[in-house]
Amino acid sequence: MNEQTNGIQTIKNIYNCQARWYDFLVKPVEFFLLHKKRRELFSKISGRVLEVGIGTGANFPYYRSDIVLTGIDASPEMLKIAEHKANKRGLSVDFREMDAENLEFPDGYFDVVVSTLTLCTIPHPVKAAIEMARVCKKGGRVLFLEHGKSDIGWISRWQIRKSDKHFQKHSCRLLSEPLNIIASAGLSVKTSKKFFLGIFQQIEATA
Ligand SMILES: C[S@@+](CC[C@H](N)C(=O)[O-])C[C@H]1O[C@@H](n2cnc3c(N)ncnc32)[C@H](O)[C@@H]1O
């Protein structure tokens, strides 16, 4: 694991600034790579669901309308956009500005916990993953769609070269190791699949 870390206030500032442009910037990646994976992972989940680092609500189109959704994020500006989208879709969401490393929910409260493209940004991702495991009911599903260091040599060398600049701009670790983070948090990994040159990864774990 690498040592790149920012404080929560820096993350807040960065995502507050990027909120207005975020959807536009990620549109190509969403269209070509992620939307199918989001559908695959999230269209069948039910019950009380927590989404950590909900951002602008990229997963809303894939959730069933009968889930009971809580979404937390450090950035109030990202949350504002998510709230606007949820209202437009008629989706009822309990939005909270909260640090993923200190979730203000009781143990075992949620049936399912979701994180997409968030472990790479959270300052201490193992701490956050431990919190995700704690608030999920025993045996409940914890689902991830993340990116990280590729296992393909030339891609990972390119990521190493870009890593510092990318982190300064987006507070996002290109060399993140999602599977290690999740395993270190004591979650039990059921399936994990890498895609797009080994950069992205979908992981299904249980608490
Ligand atoms: C790259 S965006 C991903 C947004 C969304 N999950 C998606 O799939 O598009 C990362 C999000 O994580 C949030 N975040 C980062 N660190 C956080 C923390 N410690 N607590 C809560 N949210 C955090 C950021 O504010 C940002 O909205």
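This report walks through a predicted model of a protein with a ligand, looking at some helices, the ligand's surroundings and a few single residues.

**Helix α1 and its kink**

Let us begin with α1, which covers residues 8–42. Although α1 has 35 residues, its end C-alpha atoms are only 27 Å apart, while a straight helix would reach 51 Å at 1.5 Å a residue. If you follow α1 along the model, look for a kink of about 70 degrees centred on glutamate 30.

Is glutamate 30 buried or exposed? Its relative accessibility is 16%, and buried means under 20%, so glutamate 30 counts as buried. The side chain of glutamate 30 also makes a polar contact of 2.6 Å with the side chain of arginine 38.

Arginine 38 has another partner: a polar contact of 2.7 Å joins its side chain to that of asparagine 59. You can find asparagine 59 in the loop between β1 (48–52) and β2 (68–73). With a relative accessibility of 0%, asparagine 59 counts as buried.

**Helix α2 and its two sides**

Helix α2 runs over residues 76–89. Its 14 residues should span 20 Å at 1.5 Å a residue, and its end C-alpha atoms are indeed 20 Å apart, so the two values agree.

Which residues of α2 are buried? They are Met78, Leu79, Ala82 and Ala86. Looking down the axis of α2, you would see these buried residues fall within an arc of 95 degrees, so they line one face of the helix. The other side of α2 carries exposed residues, namely Lys80, His84, Asn87 and Lys88.

**Around the ligand**

How many residues surround the ligand? There are 24, and the closest are Gly53, Asp73, Asp99, Ala100 and Thr116. The table below gathers three distances between protein atoms and ligand atoms.

| Residue | Protein atom | Ligand atom | Distance |
|---|---|---|---|
| Tyrosine 22 | polar side-chain atom | oxygen | 3.4 Å |
| Glycine 53 | backbone N or O atom | nitrogen | 2.7 Å |
| Threonine 116 | side-chain N or O atom | oxygen | 2.6 Å |

On its own, the ligand has 600 Å² of accessible area, and the protein covers 98% of that.

**Strand β4 and the loop after it**

Threonine 116 brings us to β4, which spans residues 110–116. Serine 115 has its place in this strand, β4. It counts as buried, because its relative accessibility is 1%. Serine 115 and tryptophan 154 are 39 residues apart along the chain, and their C-alpha atoms are separated by 28 Å.

Leucine 117 lies in the loop between β4 and α3 (125–135). Its phi is near 55 degrees, which is a positive value in a residue other than glycine. Leucine 117 has a relative accessible area of 19%; the cut-off for buried is under 20%, so leucine 117 is buried.

**Helix α4 and what follows**

Now for α4, which is made of residues 153–170. This helix has 18 residues and reaches 24 Å from its first C-alpha to its last, close to the 26 Å expected at 1.5 Å a residue. Where does α4 bend? The bend is at serine 163 and amounts to about 50 degrees. Serine 163 is one of the buried residues of α4, together with Ile155, Ser156, Gln159 and Phe167.

Arginine 161 is also found in α4. Its relative accessible area is 64%, and exposed means over 50%, so arginine 161 is exposed. From C-alpha to C-alpha, arginine 161 and leucine 174 are 9.9 Å apart in space, with their positions 13 residues apart in sequence.

What comes after α4? The helix is followed by serine 171, found in the loop between α4 and α5 (178–184). Serine 171 is not a glycine, yet it has a positive phi of about 55 degrees. Its relative accessibility is 0%, so serine 171 counts as buried.

**Looking back**

As you turn the model, two bends are good places to pause: the kink in α1 centred on glutamate 30 and the bend in α4 at serine 163. From there, you can visit the ligand and find threonine 116, with a side-chain atom 2.6 Å from a ligand oxygen.

Notes: Residues are numbered from 1 along each chain as its sequence is written. This is a predicted model: local features need pLDDT of at least 70, side-chain atom pairs count only at pLDDT 80 or more; totals for chains, interfaces and linings use all residues. Side-chain values use heavy atoms; hydrogens and water are left out. Helices (H or I, at least four residues) and strands (E, at least two) are DSSP runs, numbered from the N terminus. The expected span of a helix is 1.5 Å times one less than its number of residues. The bend at a residue is the angle between axes fitted to the seven residues ending there and the seven starting there. Buried means under 20% relative accessible area, exposed over 50%, partly exposed in between (1.4 Å probe, protein chains only). A residue is near a molecule or strand if one of its heavy atoms lies within 4 Å of it. A polar contact is a pair of N or O atoms within 3.5 Å; within protein, one must be able to donate a hydrogen and the other to accept it, and residues adjacent in sequence count only if both atoms are side-chain atoms. Accessible areas come from the Shrake-Rupley method with a 1.4 Å probe; for residues, only the protein chains shown count as cover. The arc is that of the directions from the helix axis to the C-beta atoms.
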